[in-house]
Amino acid sequence: MANLTDLTIAEAQAGLAQGEFSSKEITEAHITAIEAARDLNAFVTETPERALADAEASDKRRAGGDVGALDGLPIAIKDLFCTKGIQSTASSHMLEGFIPSYESTVSSKMVDAGMVMLGKTNLDEFAMGSSNETSYFGPVLNPWKRSSDDQSLVPGGSSGGSASAVAARLCLAATGTDTGGSIRQPASFCGIVGMKPTYGRCSRWGIVAFASSLDQAGPMTRTVRDAAIMLQSMVGFDPKDTTSSEMPVPDFQAMLGQDIKGLKIGIPSEYRVEGTDPEILALWDQGVKWLEDAGAEAVEVSLPRTKYALPAYYIIAPAEASSNLARYDGMRYGLRADGENLAEVYENTRAEGFGNEVRRRILMGTYVLSAGYYDAYYIKAQKVRKLIADEFSAAFETVDAILTPAVPSAAFAHGEKSDDLLGMYLNDVMTVPASLAGLPGISVPAGLSSDGLPLGLQLITKAFDEETLFRVADVLEQSAGFTARPGEKA
Amino acid sequence: MTEKNMIAGRTGDWEVVIGLEVHAQVISQAKLFSGAGTSFGAEPNEHVSLVDAAMPGMLPVINKVAIEQAVRTGLGIKAQINRFSVFDRKNYFYPDLPQGYQITQFGDPIVGAGEIIIDMKDGESRTVGITRIHLEQDAGKSIHDMDPSSTYVDLNRSGITLMEIVSDPDLRSADEAAAYLTKLRAILRYLGTCDGNMEQGSMRCDANVSVRKLGDELGTRCEIKNVNSIRFAAQAIEYEARRQIEVIEGGGTIAQQTRLFDANKGVTRSMRSKEEAHDYRYFPDPDLLPVNLSEEFVEEIRRTLPELPDDKKRRLVDKLGLSGYDADVLVAERATAEYFEAAAEGQDAKTVANWVTSDLFGYLNKEDLDIADSPVAAKQLGALVGLISDGTISGRIARDVFTEMCATSKDPAVVVEEKGLKQISDSGELEGIVDEAIAKGPAQVEQYKSGNEKIIGWFVGQVMQATKGEANPQMVNEILRKKLSE
């Protein structure tokens with residue numbers, strides 16, 4: 001029998017269907033793995049009892065011949081999703097001990113599809129960060145290490161716990177959320193597949209809001225096929241989220257295994273961002289070659305406003321966050337600190353409850369929305385956002401997909417960028433433009449750095465064209481043949 | 001002499017400039033962005049959904065009824081309906097504002113400019129401009145008097161739909177402001193978009209007041225917040241105008257302020273100055289898409305608009321022949337107008353109007369009842385007028401019947417039957433009774449024949465005595481004159 005924690009979702013589905021193993025067995029294997037890997041700090045809350053109960057229920061369903069799309073598969077949920085009866089913290093002291101009475105739409109769909117709930121994964125506090133170092137519950141460790149030293153590395157963020165857990169074989173897959181790159185960047189750092197669907201594909205209902213116009217849930221898996229399988233159970237119009245889309249949902253797996261002959265792949269030179277690791281640029285060139293070898297045509301496209309994406313993002317996202325996080329006021333749930341009067345209660349609660357990065361973004365957001373600065377910052381940023389979206393639309397009139405690096409560097413060490421805020425924010429420079437435009441993007445592990453760390457390439461397509469995204473990603477994955485695993489020194 | 005609508009000061013006459021912002025609670029089963037209920041008088045925090053309590057991850061979903069009601073209101077005041085409108089967040093912290101922001105419409109409201117015709121007591125009419133109507137969420141309620149050291153919060157109102165109806169600064173006196181509020185409330189009630197119950201808080205008013213010498217630039221205004229009756233609004237405006245005049249004439253200047261009206265003392269008091277005003281950091285709510293209304297949507301609502309007070313008044317005067325005054329009284333409240341029209345159906349409208357405005361209103365006032373609680377149903381009052389018209393009872397008997405109807409809610413025909421109040425209109429029967437009366441008074445007959453026509457009253461008295469007042473007086477008169485002249 002194969003190592004049960006090493007299976008892909010597709011393999012696990014086949015094994016369960018053929019009775020090679022039970023959900024209980026596969027779940028127990030993962031619970032054991034989680035216990036053995038607590039030093040990674042990938043989970044805020046482990047739910048082994050719930051997982052076993054889910055598994056037993058799944059095995060019973062399977063015996064009755066009635067199984068869902070994710071039935072019996074041990075999966076972890078980012079702790080930004082509210083989960084009924086399970087502490088949901090957003091990795092913030094503010095929500096420590098908060099147990100929702102409701103289940104987010106996305107996790108609810110996955111529960112309905114039969115998933116086994118392993119627990120809640122760590123993240124940057126309120127999904128604000130690119131290294132998972134801002135979590136109130138401590139940093140997450142990347143299971144990968146450089147071949148040249150033994151320093152602990154960050155898994156990326158904000159979905160760092162999910163990325164680390166998937167890479168370390170603690171779960172078959174995990175959910176992430178992506179606001180400016182929070183799925184794709186940690187996926188690249190941890191050598192896994194991370195996919196952000198089109199804005200509106202997944203309901204945001206029940207996901208703790210960071211930046212409403214950007215937040216989008218997506219799958220984090222070890223293969224492109226697994227991402228397609230999992231996404232199928234996450235998406236769909238939700239009347240409780242009016243920004244969710246009523247567009248028909250295609251069969252995402254149907255495009256896998258098809259060739260890409262004749263597809264045009266856009267290569268935007270503007271993504272040769274200064275300071276990008278030359279190894280990554282080389283990998284990007286290699287990626288172009290792989291796709292050309294597979295019959296696609298590489299086309300230069302120009303996205304000249306790319307350089308304005310990051311500044312616009314760091315105005316829009318904090319602006320929305322400053323308002324979205326106003327509800328954490330100590331009045332109804334979560335942390336409440338004492339004070340002599342109302343203002344003090346607010347101040348003390350929010351000072352104690354929020355970490356530095358969250359406070360920084362609330363301050364930035366409050367500033368850019370305030371009287372006298374609104375037009376200069378917020379309105380201008382929205383205009384930039386529109387121009388970036390237009391630029392993508394124009395590009396997609398001639399190309400079917402765009403290939404870029406997913407990140408400007410490989411995973412860095414803990415503390416390495418703590419004093420370098422701009423350096424930290426630059427992590428999102430490749431992923432933010434698609435976020436601003438609401439486009440689907442996927443990070444596919446494509447190679448190793450000379451120091452033995454995984455590097456991802458990003459594909460972007462036009463809105464609601466996840467089919468093409470998966471189709472090209474599948475070919476990229478096959479061509480790259482990425483089989484390296486963390487913990488194996490090169 | 002002070003000009004009409006002007007306030008006399010020591011330095012001359014002052015013009016008062018008033019603009020009103022009315023918050024009207026939209027009639028709807030559900031709140032603006034959540035499915036929670038809206039009924040008044042529920043236990044604290046009974047009508048609170050996860051969205052209203054701003055739990056993590058909750059999202060607002062626009063209630064379509066609220067949109068319809070705002071459009072209906074806009075059409076009712078002949079306003080521009082904005083086919084594109086946007087919901088914004090108004091950010092501030094308060095315990096009864098769970099989200100930390102109010103969802104409202106700042107830059108692109110759903111309804112643009114419109115107008116309301118106000119009717120003054122002297123019979124004059126004036127047109128008041130409406131700047132805009134926008135939709136917004138109400139906040140919850142902070143309760144400070146339940147505990148000496150704690151404040152309690154009731155979120156039942158949190159998220160309830162309000163329309164903010166903003167007038168132009170067109171009003172020039174407290175009386176005009178009161179007339180405006182009265183007319184606006186009537187229109188809202190006709191439209192069925194707000195119940196207008198100010199004492200229950202479903203209609204509240206902020207008044208912007210400034211004063212100036214005629215022809216001067218607008219003065220600095222003060223805003224009086226949250227006045228909850230029309231009478232108080234008039235009192236507050238009158239007080240505030242005189243206060244401002246006093247300050248200016250005393251050499252001072254008016255500071256832009258938000259003020260509160262103390263109904264017990266009849267004064268306004270400073271709440272906060274402009275410097276203390278919040279920076280609300282408005283921005284479009286990213287959780288909500290802009291509202292795009294189709295032309296068909298608007299036209300469908302226009303088609304179902306009820307007849308509004310101004311049109312109804314015109315019809316009552318032109319078609320039913322009522323006096324302008326009666327028509328004004330009858331259309332002022334939707335409930336009254338509906339009562340009148342139901343009562344007048346198939347009856348003489350002027351007679352019905354008299355009965356409604358005198359006898360019925362008299363009774364309701366005395367008993368402190370709303371017309372909705374009238375013991376006499378509209379159809380019953382109409383039937384009573386019908387009995388007078390067809391000669392079944394006299395107008396005088398009708399008053400007794402009405403009194404009995406008020407006490408018992410019985411149909412007038414039943415009361416007439418039970419009490420035997422039916423007039424004797426049978427000429428054969430009446431002739432016999434008249435003959436007996438003539439036989440009793442030979443002396444009176446002589447007097448009549450010698451020219452004293454007034455003596456006929458004596459015979460009528462005899463007939464009425466004999467019939468216990470049930471004889472049809474008109475017929476008795478006719479028969480008497482005929483027989484006495486023989």
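**Close-up 1. Buried and exposed sides of helix 11 in chain B.** In this predicted model, the buried residues of helix 11 (residues 412–419) of chain B include B:Pro412, B:Val415 and B:Val416. Seen down the axis of helix 11 of chain B, its buried residues fall within an arc of 100°, so they line one face of the helix. Residues three or four places apart point the same way, because an α-helix has 3.6 residues a turn. On the face of helix 11 turned away from its buried side lie B:Glu417 and B:Glu418, which are exposed. Among the elements of chain B that cover the buried residues of helix 11 are helix 9 (378–389) and helix 10 (395–408), and just after helix 11 B:Gly420 adopts a positive phi of about 60°.

**Close-up 2. Strand 4 of chain B and its pairing.** Strand 4 (residues 88–91) of chain B is covered on both faces, with B:Asp88 and B:Lys90 buried on one side and B:Arg89 and B:Asn91 buried on the other. Strand 4 runs antiparallel to strand 5 (residues 101–104) of chain B, to which four bridges join it, and B:Lys90 stands opposite B:Gln102 of strand 5. Two bridges also connect strand 4 with strand 15 (residues 283–284) of chain B, again in antiparallel fashion, and here B:Asp88 has B:Pro284 as its bridge partner.

**Close-up 3. The contact between chains A and B.** Chain B contributes 23 residues to the contact and chain A contributes 32 residues; on the side of chain B that touches chain A, 15 are nonpolar, four polar and four charged. The predictor assigns the complex an ipTM of 0.96 and a pTM of 0.90, while chain B has a mean pLDDT of 92, with 99% of its residues reaching 70 or more.

Technical notes. Residues are numbered from 1 along each chain as its sequence is written. Chains are lettered from A and ligands numbered from 1 in the order in which they are written. This is a predicted model: local features need pLDDT of at least 70, side-chain atom pairs count only at pLDDT 80 or more; totals for chains, interfaces and linings use all residues. pLDDT is the predictor's confidence in each residue, from 0 to 100. Two residues are in contact if their C-beta atoms, placed from the backbone, lie within 7 Å. Ala, Val, Leu, Ile, Met, Phe, Trp, Tyr, Cys and Pro count as nonpolar, Asp, Glu, Lys and Arg as charged, and the others, Gly among them, as polar. A residue is buried if 20 or more other C-beta atoms lie within 10 Å of its own, exposed if 12 or fewer, and partly exposed in between; C-beta atoms are placed from the backbone. Two strands pair if DSSP finds at least two bridges between them. The arc is that of the directions from the helix axis to the C-beta atoms.
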